[in-house]
Amino acid sequence: MPDTAQQTAKTPHDFGPHGAHYIAPDIHGQNFYALDRQFRDLMSLYMEPGLLAHMTPHFDRLGALAGGRLDDLAQIADKHPPILNARDRFGRDEDWIDYHPSYREMEKIAFDEFGMHAMSHRAGVLGLKDPAHPLVKYAITYLFVQAEFGLMCPVSVSDTSNFMIKRYGSPALKKMLLDRLLSQDPAVMLKGTQFMTEKAGGSDVGAIETEAERIGVGPDGVERWKLYGQKWFCSHADADVAVMLARPRGGAPGTQGLGMFALPRRLEDGTRNSYRIVRLKDKLGTKSMASGEIVLDGATAYLVGDVNRGFKQMMEQVNLSRLSHGVRAASMMRRCLNEALAAARGRKAFGKAIAEYPLLRRQLMKIMLPTEQALSMFAFSADAMGKADGHDGKGGDKDAANLLRILTPVYKFRACRDNIPVASQALEVRGGIGYIEEWVTARLVRDAQIGTLWEGTSNINALDVVQRAVGKAGGHKTLTAALKSKYEASGSLPGQYKGLLGATLDRVERFAEAVAADRKHEKRARMAAGALYHAASAALLAWEGATLGAQGGDARRLLLSRLVVEHRLAPQDPLSLNESPWEQEAMDLLLSDAPVPLAKATALLA
């Protein structure tokens with residue numbers, strides 16, 4: 001008989017790598033919090049130690065969910081979008097939306113488990129003794145969105161609806177709605193949204209055509225109105241309460257004549273309100289979440305705040321949403337960067353990992369730099385919001401509020417724009433399979449597009465920066481002063497580099513002021529908004545890197561700061577073959593996982 005071992009047939013596995021072994025891994029299955037040293041470092045700089053110690057287990061748990069179960073659910077929900085049922089079997093207009101179980105499970109994680117809609121407004125969420133500091137709320141957002149972007153719209157609009165009703169609602173309206181809006185119990189919870197856009201009015205809110213007719217104050221003390229009209233792009237279309245703008249009959253034209261109202265999906269007796277969801281939008285991205293069109297036919301709504309100040313009240317919600325969009329962009333870029341690094345290190349071509357090739361390394365840097373800029377702006381903006389809201393125990397800080405006023409549109413403008421090329425670059429690093437919907441990169445490219453549209457296009461945000469935050473409020477001076485106060489006090493940052501940062505900030509400040517001063521320069525508003533973003537992030541990266549390095553940690557953000565100054569704010573000759581010798585060494589350090597010592601980083605700043 002032949003030897004048994006000789007009878008065993010050889011398989012491709014016996015001859016080394018083959019087939020699927022050549023496909024680079026992705027980062028699914030990893031803990032997105034444990035993977036993100038830069039995020040952990042910045043939270044240690046900006047977050048109070050006791051709060052950070054309390055939140056770390058929650059960050060770790062959500063990081064594991066984001067890399068595992070939540071990532072699975074997001075992929076499934078994207079492929080099974082919501083379905084609108086217009087009528088029931090009796091032909092009644094009982095329109096409702098069916099969601100895939102994967103979406104409902106993600107809702108449970110966001111609303112029930114982590115209380116993302118409620119944590120800013122009451123104590124008790126995640127065991128916090130006070131309402132969550134903005135750093136906490138946006139840190140949770142940052143981790144969650146690395147897995148699922150679509151659901152973050154319902155979470156964010158619920159959060160901002162709660163803010164509007166809590167701030168401007170009458171005592172009677174709060175008594176009716178607020179406890180349920182802030183609940184984590186699915187049996188009683190109400191979820192919120194905002195319906196703004198109409199066919200006649202998107203960015204031009206003053207063109208809104210929806211009319212409001214006053215009914216009167218009910219026995220419960222709540223003032224009721226009837227609404228007539230249509231809303232054209234309604235995300236979270238079947239929310240329990242929708243905050244919206246409408247024009248009281250006979251009201252002034254433009255934004256001055258708009259009032260704010262809360263539209264319930266169901267009335268107090270449980271019956272359906274008089275409006276219908278007539279269609280769901282077939283969107284490029286955010287497919288897991290239902291966006292639709294609604295028709296209001298005498299729908300009952302509750303007045304929120306002063307009927308003559310609806311637009312000004314609503315703008316506070318818009319600014320909150322804009323900041324959230326910046327954080328979401330930072331989150332998506334982090335996922336893109338980590339996916340690109342995994343692909344580049346795990347994929348071989350012509351005998352070596354593609355991460356070793358010069359062109360690919362340059363491409364990775366084009367992904368890394370805007371990712372780290374957006375992270376710095378997230379932490380700084382959230383910290384400013386905390387001070388403006390009095391989370392530091394000193395009461396509301398007016399300078400911080402003015403700082404936040406300019407940071408919000410600046411951040412939203414640039415980070416959301418950067419997200420699009422970053423997502424495209426990450427897909428390209430993955431290669432042809434990155435274009436296939438089985439891989440997250442295809443969804444990241446689709447979802448990235450919405451950031452430049454929701455809550456104002458790039459043009460609208462740039463004009464808000466230049467004409468209002470700079471031209472009317474002088475926010476650029478507040479921003480420059482706040483940045484200088486951070487890095488100038490550092491004993492670890494070389495004086496020569498401090499001088500370069502100061503000169504850069506002053507130059508950008510003068511440019512933004514000149515653009516704001518004369519309408520003939522309006523076409524440069526986007527350039528001014530971008531310059532403010534780059535100058536701010538360069539200063540922040542320098543302070544962060546110097547501070548972390550002085551603590552014995554990773555000083556790599558110093559190198560990123562210099563890259564921002566040289567490649568975003570300094571003149572470049574696109575046809576020059578001259579190379580800065582320091583950049584190759586900096587690139588090698590930045591593309592390595594090893595911490596960069598402070599001495600090494602400061603030497604490369606010279």
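This is a short walk through one protein chain, from model confidence to strands, helices, core and salt bridges.

The model is a predicted one. Its average pLDDT is 94, and 97% of the residues score at least 70. The exception I want to mention is residues 1-6, where the pLDDT is below 50. Apart from near neighbours in sequence, that stretch has 1 contact in the model.

I'll take the strands next. Strand 3 covers residues 192-195, and both of its faces are covered. G192 and Q194 are buried on one side, T193 and F195 on the other. Strand 3 pairs with strand 6, residues 241-248, in the parallel sense, over 4 bridges. Within strand 6, A242 is the residue opposite T193.

Strand 6 also pairs with strand 4, again in the parallel sense, over 2 bridges. There, A212 stands opposite P248. Strand 4, residues 211-217, has a further pairing with strand 5, residues 223-235, which is antiparallel and runs over 6 bridges. G216 has R224 in strand 5 as its bridge partner. These two strands, 4 and 5, make a hairpin with 5 residues between them. In the turn, G221 has a positive phi of about 85°.

Now the helices, starting with helix 15, residues 495-517. How far apart are its end C-alpha atoms? They are 33 Å apart, which agrees with the 33 Å expected for 23 residues at 1.5 Å a residue. Its buried residues include Y497, L501, L505, V508 and A512. K498 and E509 are buried in this helix as well. The cover over the buried residues of helix 15 comes from several elements, among them helix 13, helix 14, helix 16, helix 17 and helix 19.

Helix 10, residues 358-388, contains Q373. Is Q373 buried or exposed? Its relative accessibility is 0%, so Q373 counts as buried. Beyond four places in sequence, Q373 contacts Y533, H534, S537, L541, V564 and R568.

On to the core. The largest nonpolar core has 197 residues, and the members that touch the most others are L263, F378 and Y411. Helix 16 gives this core its largest share, 16 residues. Leaving out residues up to four places away, F378 touches F39, M43, Y138, A139, Y142, V327 and Y411.

Last, the salt bridges. How many does the structure hold? There are 45. One of them joins the side chains of D71 and R335, at 3.1 Å from N to O. This pair links distant parts of the chain, with D71 in helix 4, R335 in helix 9, and their positions 264 residues apart. D71 is buried because its relative accessibility is 7%, under the 20% cut-off. R335 is buried too, at 1%.

A second salt bridge joins D88 and R92, at 2.7 Å from N to O. D88 is buried, with a relative accessible area of 17%, while R92 at 45% is partly exposed.

A third joins K387 and D383, whose closest N and O atoms are 3.2 Å apart. Both are in helix 10, 4 residues apart, so about one helical turn separates them. An α-helix has 3.6 residues a turn, so residues three or four places apart point the same way. K387 is partly exposed at 35% relative accessibility, whereas D383 is buried at 11%.

Finally, D36, R334, E372, E544 and R557 are linked in a network of salt bridges.

How values were computed
Residues numbered from 1 in each chain as written. Predicted model: local features only at pLDDT ≥ 70, side-chain atom pairs only at ≥ 80, totals over all residues. Heavy atoms only, no water. pLDDT = per-residue confidence, 0-100. Contact = heavy atoms within 4.5 Å. Expected span 1.5 Å × (residues − 1). Buried < 20%, exposed > 50% of the residue type's maximum accessible area, 1.4 Å probe, protein only. Pairing = 2+ DSSP bridges. Core = buried A, V, L, I, M, F, W, Y, C linked by side-chain atoms within 4.5 Å. Salt bridge = Lys/Arg side-chain N within 4 Å of Asp/Glu carboxyl O.
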